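Colleague: I would like a close look at a single part of this model. Please start with one loop residue and work outward from there.

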Amino acid sequence: MKNKGHFVFGSLLIAKICGFIGSVVIIRLLPEKDFGLISIVASLFAVFFAFSGFGSQQILLRYGSIVKTEEEKNKLSSYLLKQGFFYQILLSVIFLITSLFYLDKFEKIICLFVAFAIRLIGYFFYNHIQSQLRISGKNKEFARLNNIVNISGLLLIIILTYFFGITGYLIALVLAPFTALFWFKDINLSLDTDIGFPRKELWKYGLFTAGTAVLSDALFSLDIILMGFLMTESSVADYKAAILIPSNLTFIALTFMQSDFPELAKNHNDKKFLSYYISNYYKIFIPLCVAIFGVLYFLKDDIVVLFFGEKYKGIEPAFIILTSAFLLNMLLRNLYGNLLSAVGKMEYNTIISALALVILLGLSLVLVPKYGVEGMAIAQSVTLLTTGLLLMSGFFSYIRKLS
């Protein structure tokens, strides 16, 4: 691979594995009450994390990939770091203010909010440095940074949580992203701010990117929330078990596209390049999706018992429906959503993500009372397929206009 994209792919895979192991560790080591508090704060953290720096890192990744010279990239990076940091401090303050809604119910939750607010600032620097390395073509260095931060973060969580409980966990949580500051020496803050792009255009893209991320996350929370209202707790558990493996399959496609994002942004006006990319993507992912579906379909009974136990027997129909949906999602929504982001059509992504919530809500209210877990699986599947087709239509509308 000419641009060493495999380093990016590998490091993102390691990050995913570290995140999974870290989740298992804190579930096993912390008391249920402490884990419950962390889950509350972490769910809010995820929303604020999507708005990190008001999307400054996503702006840098796209527009930094478009500019030609290293000087232009550095000027853009310097401007976005300074302006984004101001927005990040504002976000962290707002995040802390949200703790006031929980103080009456949970006495020590303020400590968690403080730790996660500092972590937000650490992640702002970490993500900015990641984008800086990506636009400079330093994919090997990006992978090294990613691996060191994630592996050292996992080790800190295991060691400090084991010896000091929730206090150790919070210390590990705060320290991990700041490890990235060892790479800060490559960023020059003294450059002038003649960035070569209208600032309104940049921040519009950043905010739409952040908004889309929040709406996309909401799509995979709304189904659980609706199941809680419409069905019993056991039905919610059945659905969560049925969707766990299928929803994680899309990581393969998302990691693959993350590796190629700077190259896609650089060639956003090249019709031939974009068409060739789609063709090559399908050559890889259509056979892969068929193979995955075959394995999961024929082994579904064994997989359900192996991963979730005998008590989850009966979720196989929902499991297969959702497997089909998320594999099609890799071929449609993941592909064309990321392509639209790379070519700068982020507002279309945001509109479709908002529409997805409406579709899922409407279908769930009709199907879940009648068909239960399978009804929610069908509702989520139709939502993903419909929005995937709309994103594909939007991208081909864009590509037809290119000369």
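**A loop residue and the helices around it**

Modeller: Thr-179 is buried, because its relative accessible area is 19%, and the cut-off for buried is under 20%. Keep in mind that this is a predicted model. Thr-179 sits in the loop between helix 6 (139–178) and helix 7 (199–230). Its side chain reaches back to the backbone oxygen of Ala-176, at 2.8 Å. Leaving out residues up to four places away in sequence, Thr-179 touches Ile-148, Val-149 and Ser-152.

Now helix 6 itself. Leu-156 is found in this helix. Leu-156 is partly exposed, with a relative accessible area of 27%. Neighbours within four places in sequence aside, Leu-156 is in contact with Thr-161, Ala-172 and Leu-175. For a long-range distance, take Gly-344. The C-alpha atoms of Leu-156 and Gly-344 are separated by 38 Å, and the two residues are 188 residues apart along the chain.

Helix 6 also has a packing partner. Two packed helices are described by the angle between their axes and the distance between the axes. For helix 5 (residues 109–135) and helix 6, the angle is about 170 degrees and the axes are 9 Å apart. Helix 5 is therefore roughly antiparallel to helix 6, since the cut-off for that label is over 145 degrees. By class, the contact of helix 5 with helix 6 has 21 nonpolar, 5 polar and 3 charged residues.

Next, helix 13. Gly-344 comes just after helix 13 and takes a positive phi of about 95 degrees. Helix 13 covers residues 333–342, and 10 of its 10 residues are buried, so the rest of the structure largely encloses it. The buried residues of helix 13 include Arg-333, Asn-334, Asn-338 and Ser-341. Leu-335, Tyr-336, Leu-339 and Leu-340 are also among them.

Helix 12 (residues 316–331) meets helix 13. Their axes come within 3 Å and cross at roughly 30 degrees. On the helix 12 side, the contact is made by Leu-328, Asn-329, Met-330 and Leu-331. On the helix 13 side, Arg-333, Asn-334, Leu-335 and Tyr-336 take part. The residues of this contact of helix 12 with helix 13 divide into 5 nonpolar, 2 polar and 1 charged.

Then helix 8 (residues 233–249), where Ile-243 has its place. Ile-243 is buried, with a relative accessible area of 9%. Neighbours within four places in sequence aside, Ile-243 is in contact with Asp-223, Leu-322 and Phe-326. Ile-243 and Leu-76 are 167 residues apart in sequence. C-alpha to C-alpha, Ile-243 and Leu-76 lie 41 Å apart in space.

Another helix pair is worth a look. Helix 10 (residues 271–298) and helix 15 pack at an angle of about 150 degrees, with 10 Å between their axes. Helix 10 and helix 15 are therefore roughly antiparallel to each other. The crossing of helix 10 past helix 15 is left-handed. Helix 10 contributes Lys-271, Leu-274, Ser-275 and Ile-278 to the contact. Helix 15 contributes Phe-395, Phe-396, Tyr-398, Ile-399 and Arg-400. Sorted by class, the contact of helix 10 with helix 15 has 6 nonpolar, 1 polar and 2 charged residues.

Ser-393 is found in helix 15, which covers residues 373–400. Ser-393 is partly exposed, with a relative accessible area of 43%. Ser-393 and Met-231 are 162 residues apart along the chain, and their C-alpha atoms are separated by 35 Å.

Last, a second loop residue. Phe-54 lies in the loop between helix 2 (32–50) and helix 3 (56–66). Most residues other than glycine have a negative phi. Phe-54 has a positive phi, near 55 degrees, and is a residue other than glycine. Phe-54 is partly exposed, with a relative accessible area of 21%. Back at the start, Thr-179 is buried, at 19%.

How values were computed
Residues numbered from 1 in each chain as written. Predicted model: local features only at pLDDT ≥ 70, side-chain atom pairs only at ≥ 80, totals over all residues. Heavy atoms only, no water. Helix = DSSP H or I, 4+ residues; strand = E, 2+ residues; numbered from the N terminus. Buried < 20%, exposed > 50% of the residue type's maximum accessible area, 1.4 Å probe, protein only. Axes fitted to C-alpha atoms, helices over the stretch in contact; angles between N-to-C directions. Parallel < 35°, antiparallel > 145°, perpendicular 65-115°, else oblique. Left-handed = near helix turned anticlockwise from the far one by under 90°. Contact = heavy atoms within 4.5 Å. Nonpolar A, V, L, I, M, F, W, Y, C, P; charged D, E, K, R; others polar. Polar contact = N/O pair within 3.5 Å; in protein donor to acceptor, adjacent residues only side chain to side chain.
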